[in-house]
Structures are given as C-alpha cells and as structure tokens.
Amino acid sequence: MLTLLLIVLTVVGLLIIMRREAGAVSALTLLGVLGLVGLLFDAPFIGFVLLLAAIAVAVTGLPAFRRQWLTPRIFNIFKKVAPKVSATERTALEAGSVSWDGELFSGKPQWNKLLNYKDEGLTEDEQAFLDNQCAKAAGMCNAWDITYERADLPQQLWDYLKKEGFFGMIIPKEYGGLGFSAKAQSMVLQKLSANETLMVTVGVPNSLGPGELLLKYGTQEQKDHYLPRLADGREIPCFGLTGPRAGSDATSLPDTGVVCKQVMGGKETLGVRLTFEKRWITLAPIATVVGLAFRLFDPDKLLGEEEDRGITLALIPRDTDGMEIGRRHHPIGSPFMNGPVKGVDVFVPLDTIIGGQDMIGQGWRMLVECLSIGRCITLPSGATGTARYALGWSGGFTRVRRQFNVPVAEMEGVQEPLARMASLAYISQATVYQTANLIDHGERPAVPSAILKSQLTEFQRVLLSDAMDVHGGKAVTLGPRNYLGIGYSANPVAITVEGANIMTRNLMIFGQGAIRCHPYVLDELAAKDANDIKAFDKAFFSHAGLIFGNAARAFTMGLGFGKESVPFDAPAAAYAQDIARLSAGFGLCADAAMASLGSALKKREMLSARLGDVLSNLYLASMVLKQWQTSEKVEGEDALLHYSCRFLLHRAEQAFVEIFDNLPNRALGKVLNAVVMPTGRRWDKPHDDLARDIAKRVSTHSALRTKLLYNTWDTDDGEQPNPLTRYNALLVDYDRAEVIYRTVNKAYAKGELPQTALHPEARVEAAFEKGLISEEETVFMREFETRVLEMLTVDDFAYDAFASNKDTLIDHNAKQASPVHQELTESAK
C-alpha cells in the first residue's frame with residue numbers, strides 16, 4: 001500500500017513541479033524525501049528507485065554538475081544540427097516585435113497581458129471621417145462603371161480622395177496628413193471595401209510604400225519635400241519590389257544599381273545607374289514618384305571598400321530619363337491601377353536613396369519592418385470589410401427571396417452558409433481591430449501580420465463563395481445591379497499579393513515564429529554564434545524545463561485537471577482555458593518537431609504549415625475573446641461567440657491530429673497524441689442550433705446584424721444606389737410583410753383566391769378584392785413587392801454590347817447566310 005502511495009505522490013508531485021517549471025532543486029527534494037520515506041517505512045525497493053532518480057536529477061539538472069560533463073556534449077551536438085540562419089532570415093527575425101504570439105508560443109499565455117492593451121476607440125475626428133468622407137467616397141462608386149466602362153475610378157472621386165487626404169492617413173498632421181491611428185486606418189479601409197478598386201487605391205499608399213518608408217527612414221529633407229505632397233495627393237506613389245523573377249523570394253531580385261559619376265546639369269554628380277524590370281506594381285501607371293528596391297554595387301569603390309552594398313531603396317521621380325512607366329496590367333476582377341516599371345542605365349543622384357547614404361544596404365530590413373505593420377492592416381481590413389458587406393447583402397437577399405412560399409433564409413441549406421459567413425465576419429472584425437489596437441500601443445506584430453494576411457483573405461475566399469451560392473442567379477449575372485460578382489472575381493488578388501498565401505502559410509507563420517516567438521530558441525542560436533557555453537546552458541535547460549512544463553500542462557488539462565485561472569466570465573472562460581491547454585500542446589509539438597527534424601524542418605512545409613495552423617487558430621480565437629471581453633454585447637452575440645470559438649478550436653485540434661499523423665518519427669507522433677489529447681478530441685464543429693439562430697438574426701432587422709454592419713456604408717444619399725441600405729430598409733418592414741404573406745398564401749392554398757394568381761402581386765390584389773387584407777395593407781405590399789423585385793432583378797443588354805470589335809459579331813438569326821458561310825458551304829460540296 002505504501003509503495004502505491006509513494007508512486008502516486010511521486011507522479012502527482014512531479015506533474016505539479018513540471019507544470020510550474022519549478023526546476024531541478026524542487027524535483028530533487030521531492031524524490032529525495034519520498035525515497036527516504038520508502039527506505040525508512042518498509043518500502044525499500046521504491047525508496048531505492050526514487051533515490052536513484054534523485055541522483056540522476058542532481059547530476060543532469062543542477063548547474064554545478066551538468067556544466068562539467070553534460071552541457072559541453074549537448075552544445076557540440078547543437079552546433080551541428082541547429083538550422084543555419086541566413087542574413088536575410090535574420091533580418092526578418094529581428095524585425096517587428098513579439099506580443100501575444102509569444103505568449104501562445106510559451107504554452108502558458110498570460111491573459112492579463114492581452115487585456116492590458118486598452119482600447120481607447122476612435123477619436124472624434126476619425127469617427128467623423130468615417131461617417132462623412134468615407135460614406136461620400138463609397139457613394140461615388142459604381143462597380144460596373146468602374147470595371148467595365150472606364151477601367152478607373154471617376155475623375156471626381158480621384159479629386160475628392162486627394163482633397164480630403166485619403167492618401168495621407170498614416171502621415172502625421174505636421175506634414176499635412178491625417179495622422180490616423182491603426183484602428184482608424186483599418187476602419188476606413190473596411191468601409192471603402194464596398195468597392196474593391198476604391199479600397200486598393202486608398203490602401204496601398206497607406207501601406208508598404210514611400211510614405212511609411214520616408215516616415216521611418218527618410219532624411220529630414222526628403223520628409224519635408226515628399227510627405228506634404230503625398231498627403232494632399234500632389235504626388236501619387238508606387239513601390240517597385242516584385243518582378244518577373246523575384247516574387248515571394250523578394251531578396252533574390254535581379255535589379256541592380258551601380259555607383260558612378262555622371263554629369264547632370266553641367267555638374268559632375270555622384271549617383272547610381274539603375275537597370276530594373278518590375279511587374280505587378282500597384283498605382284505604377286499613374287504614379288508620380290516610384291519607390292524602387294535594387295541590389296547596389298560599388299565596383300569603383302567610390303563609397304568605400306565594400307563592393308556589394310546590398311539591397312537598397314530609392315525614390316525616383318516619374319519624369320526621370322530612361323524610366324519606362326505608364327503601361328497597365330489587367331488585375332483579375334478589378335481595374336485598380338497596376339503595371340510594370342522598367343529602366344536601363346537610368347541615372348539618379350545619390351540623394352534619391354531613402355534615408356541617404358546611411359541607409360545604403362538596409363533595404364531588406366526597412367521593407368520587412370514596414371511590412372510587419374502594413375500587412376496587418378491593408379489586406380486584412382479589405383477582407384474584413386468585404387466580409388461585412390457580403391454578409392449584409394446575403395442576409396437581406398435571402399430574407400426577401402422566396403421559394404416554396406417561404407424566405408430561402410428559412411431553409412437549412414441556406415442557413416448553414418449564412419451562419420458560417422457571420423462567424424467569419426465576426427472573427428475577422430475582432431482580429432483586425434484588436435491587432436490594430438496592438439499596433440496603436442507600439443507593437444510591430446511580425447508573425448500576426450502573416451496570420452492575418454493569410455487567414456483573413458482565405459476567410460474572404462470562403463465567404464464570397466458562400467455569398468455567391470446563396471444569391472444564385474442574382475450574383476452570376478453581371479451588370480450594374482450585381483453588387484457581388486465583380487468583387488468575387490477579384491478575390492485571387494488578395495490571396496496572391498503581399499506574400500502569397502501558400503508561401504505565408506507553409507514558410508512564414510511557423511517558420512518565422514518558431515525562432516522569433518519562442519522564449520529560448522533565439523537565445524540558444526545567439527549563444528551558438530558567440531560560442532558562449534554558459535549562456536547556452538542557461539537557455540537550453542530553461543528550454544528543457546519549458547518542454548516538461550508544457551507536457552505536464554497539456555496532459556493534466558487534457559484530463560480535465562488543473563485548468564488555468566482566466567480573467568473571463570462565462571461563456572468565454574471555457575474557451576480561454578482550452579486555448580491555454582492547446583497552447584501548451586502547441587509549444588510541446590513545436591519543440592518536438594524542431595528537435596526531431598532539426599534543420600530539415602524547413603523543407604517539411606506541410607508539417608510547418610499545420611503547426612502554423614494551430615498557432616493561427618489560437619491567435620484568432622484569442623482576439624475574438626478579447627473583443628468579446630472589451631466590447632458591448634448585444635442580444636444573440638453569445639451564439640456567435642460559441643459558433644466562432646468552436647469553429648476555431650475544432651480547426652486547431654484538426655491541425656494537431658494531422659501533425660501527429662505526419663511526423664516522420666511515428667512513435668513520437670503517438671506519444672504526443674497521448675499527451676496532448678489523452679481523452680481524444682474535445683471540439684466538434686458548431687452545432688446546427690447555433691447556425692439556425694445566427695442565420696435568423698443576420699437575415700432580419702436585429703441587434704446582432706446591426707452590430708456586425710456597424711461603420712459600413714449603409715446610407716443611400718450618395719451618387720450611386722446602395723444595395724445594403726435597401727436591404728436594411730426591406731428588413732425593417734419584413735415582419736409586417738410576412739404576416740400578410742401568410743394570410744394571402746393560406747387563402748390561396750385553400751382555394752379562396754383564383755388559381756391564376758401566381759405572382760405575389762396578383763395574390764395581394766385578389767386578397768384585397770376578397771376583403772382578406774385592408775387597403776392600407778394592400779398599398780404597403782404593392783410598394784414592398786416593388787422594392788423586392790428591384791433587388792431580385794438582373795441586367796440585360798443589347799445583343800452586340802459585349803463585342804469589342806463589332807465587325808466580328810455573328811448574326812445567328814440572319815435570314816440569309818453570310819458570304820463567307822456560303823463560300824465555305826460551296827467548298828465543302
């Protein structure tokens with residue numbers, strides 16, 4: 001009996017010590033005391049075993065002993081197997097900051113750290129800009145006109161954007177800009193996402209480009225000259241990074257600059273002769289100033305002894321001799337300005353380098369540091385705004401679109417995608433807003449930027465497909481009335497640019513995060529590079545303690561014991577506790593993958609992607625909980641919280657299962673499965689009752705729908721009609737209309753109305769004649785059905801409308817065959 005008791009006490013005690021990462025001294029004390037108890041009280045075998053274990057812990061765990069024999073051996077092995085970090089990788093790792101992503105990597109997230117990032121909301125000026133200037137700009141857009149008639153924004157809209165400072169949101173007020181917060185910038189782009197071309201046109205100058213680069217790295221002279229001109233639209237910027245042979249691998253760009261001297265204006269000038277070919281450059285066709293990334297060489301050593309000076313950035317005026325600019329690409333689905341920029345032996349003075357001579361060779365670092373913020377905002381905000389509009393349109397359409405005498409929103413086959421759309425929109429809003437709030441608190445979230453870019457644009461892809469499905473023929477028929485089809489066709493742009501999603505998911509999220517966000521890996525690599533065995537010993541054995549701690553936390557919480565205390569009330573508390581459990585499992589699996597595969601993990605992209613999927617879903621779920629905790633709740637929002645968290649945690653567990661199943665070391669995979677999920681998977685997909693409840697609320701005039709669509713363009717006072725406003729108005733009147741529908745349809749089913757009354761309008765008139773509804777109800781329904789039919793109607797065009805070359809048009813119904821047709825017929829005979 002004593003033996004069993006000692007075994008239980010040992011296991012429980014060690015699990016507690018491991019969970020708390022209390023160290024070797026605590027473990028040694030526990031084993032020593034219990035071993036002595038066994039020897040003294042008639043359990044000599046177990047006592048002897050425990051004392052042997054205590055000795056082993058002392059020899060391997062106490063610094064004074066392990067540094068004599070164990071640490072040197074581990075250090076030598078580590079130097080052989082540790083991945084080599086290239087200069088470009090190191091630059092990326094050192095860019096940005098670590099915040100909540102680091103907490104999730106630790107396996108023991110401290111929720112108060114996330115909640116301590118207080119949200120001050122928008123300023124009065126920022127909210128007024130959203131309510132007024134953004135609404136007016138959105139109201140000047142007609143997607144059909146922009147895409148198919150002019151392939152550009154209207155001139156009056158360009159003038160308005162410049163006049164109101166849309167291109168200067170990130171530029172401080174002292175330079176004539178708006179000086180907006182990251183949250184305000186995100187909300188503006190979400191509102192402008194009513195039109196894809198408008199959002200991209202405004203978003204890009206406020207993201208990665210000359211404005212942000214000048215703010216952070218420009219000389220004072222460059223700032224004073226360019227920033228006011230960028231803020232008021234006198235200068236339109238673009239930035240040339242990618243090219244025919246340098247896309248995702250931007251560091252391999254073949255564009256070159258050679259330091260030389262040339263006579264300019266009768267004076268010998270030190271400068272750079274550039275040869276470059278850039279593609280896919282947004283705003284390039286109309287840009288007045290071009291930011292350019294190139295590899296700088298100094299063969300004549302005019303600047304110093306170093307010949308290869310590295311990636312460098314310059315700012316080149318459009319009218320520079322030799323630069324070819326102005327042609328356009330045709331981006332799929334959206335005619336935003338995008339095109340090539342070329343040049344051969346283009347000479348520019350040295351002062352065109354952003355930041356001057358001090359920033360020569362710092363281009364990659366500059367780009368990566370800027371991208372960590374811009375990639376968090378522009379495309380994720382565009383995806384979030386698109387999600388909100390698509391949800392608003394879809395909820396309205398499915399409520400007023402009737403089949404089988406009921407709204408299609410009442411059909412479960414439609415409710416499922418509606419609920420999914422609402423959840424993806426809810427998750428996106430929370431994530432982009434709370435991450436922007438981190439930026440406003442001084443964080444530069446590198447790993448979260450990759451998570452947001454890839455995950456939210458993938459959400460956009462799913463959500464737009466769902467929206468197309470529930471709209472049916474309304475959305476697949478293009479024309480001025482189709483508010484959805486053009487944006488749907490443009491979605492691949494967001495998937496591809498600013499780091500293609502395939503690359504971002506497979507290489508960046510975990511590949512960068514494993515080193516950048518891990519509490520100890522960066523220290524271990526630094527110790528290796530410095531050959532500092534003492535620093536390595538400290539980092540490595542702290543790392544070992546973390547591994548044991550995560551294993552103990554994941555296992556015990558997986559069994560339902562020792563749940564973490566979290567600062568959330570129900571219903572969020574259970575999700576926060578399980579995020580902590582899965583975070584411990586993620587930390588354990590990340591270390592297991594790195595230890596078992598070493599540098600080969602870089603090439604195991606599918607495994608790396610799944611580890612990144614776990615981190616991504618935990619991050620998204622955390623942002624949902626933060627938004628829930630700090631925002632004002634509305635009726636029905638708890639259902640959306642449950643649906644969203646279940647959806648994300650189900651995906652996280654699925655990624656775990658795929659990790660266990662695909663680790664090359666099969667025994668390791670089975671052990672990890674048993675430790676991380678000792679009782680199996682915990683989270684199913686969201687239940688149908690949640691989907692029904694959510695779908696009902698987002699397709700009716702409800703508090704939840706109102707909250708999800710807050711700060712979208714929802715007024716109808718612009719130059720162009722607003723479908724969201726019209727759907728909202730129909731939903732306000734829908735309950736009254738539904739009562740009349742039921743009365744009329746019931747009478748028709750009983751044979752009280754003529755069988756020829758097949759249209760709703762005919763049935764309403766027949767019911768009025770029979771005295772089944774009042775004159776007031778009849779007038780109301782006439783007007784209501786007119787508005788409904790307008791939203792259901794699609795466009796049609798003249799037969800020859802789509803032929804660019806009318807001479808090629810075939811008249812298939814001509815009474816007499818064409819001469820060519822006759823000639824071919826005769827030849828055949």
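A polar contact is taken here as a pair of N or O atoms within 3.5 Å, with one atom able to donate a hydrogen and the other able to accept it. On that footing, K278 makes a good way into this predicted model: its side chain reaches the backbone oxygen of L241 at 3.1 Å. The lysine sits in strand β3, which covers residues 267–282. With a relative accessibility of 0%, K278 counts as buried, because the cut-off for that label is anything under 20%. Its surroundings draw on several stretches of the chain. Neighbours within four places in sequence aside, K278 touches G240, L241, T242 and G243, then L253 and D255, then L292 and A293, and finally P340 and V341.

The strands around K278 can be traced from β3 outwards. Strand β2 (residues 256–264) pairs with β3 in the antiparallel sense, and nine bridges hold the two together. At the turn end, M264 has K267 of β3 as its bridge partner. Two residues lie between the strands of this hairpin, and one residue of the hairpin, G265, takes a positive phi near 60 degrees. Strand β2 also runs parallel to β4 (residues 289–297), joined to it by three bridges; here T256 stands opposite R295.

Moving on to β4, this strand turns up in further pairings. Strand β1 (residues 237–240) lies parallel to β4 over four bridges, with F239 facing G291 across the pair. Strand β5 (residues 308–317) is antiparallel to β4 and connected to it by nine bridges, among them the one that partners V290 with I316. As for exposure, β4 is mostly covered, seven of its nine residues being buried. Two residues of the K278 contact list, L292 and A293, fall within the range of β4, while G240 belongs to the range of β1.

Away from the strands, helix α15 deserves a look of its own. It takes in residues 363–400, 38 in total, and stretches 54 Å from first C-alpha to last, close to the 56 Å expected at 1.5 Å a residue. Even so, α15 carries a kink of about 40 degrees, centred on G374. The helix is largely enclosed by the rest of the structure, because 37 of its 38 residues are buried.

Aromatic side chains give another set of contacts to follow, with 24 aromatic pairs in the structure. One of them is F656 with F660, a stacked pair with 6.0 Å between centres and 25 degrees between planes. Both phenylalanines are in helix α25 (residues 637–662), and because they are four residues apart there, about one helical turn separates them. F656 and F660 are each buried. Elsewhere, five phenylalanines gather into one aromatic cluster: F75 and F78 join up with F536, F540 and F541.

Stepping back to the whole protein, the count comes to 32 helices and nine strands. The C-alpha trace spans about 105 × 90 × 75 Å along its principal axes. Of the 829 residues, 54% count as buried. Among contacts with a separation of 6 or more, 75% are between residues 24 or more positions apart.

Conventions. Residues numbered from 1 in each chain as written. Predicted model: local features only at pLDDT ≥ 70, side-chain atom pairs only at ≥ 80, totals over all residues. Heavy atoms only, no water. Expected span 1.5 Å × (residues − 1). Bend = angle between axes of the 7 residues up to and from the residue. Buried < 20%, exposed > 50% of the residue type's maximum accessible area, 1.4 Å probe, protein only. Contact = heavy atoms within 4.5 Å. Pairing = 2+ DSSP bridges. Phe/Tyr/Trp six-rings, centres within 6.5 Å; stacked < 30°, edge-to-face > 60°.
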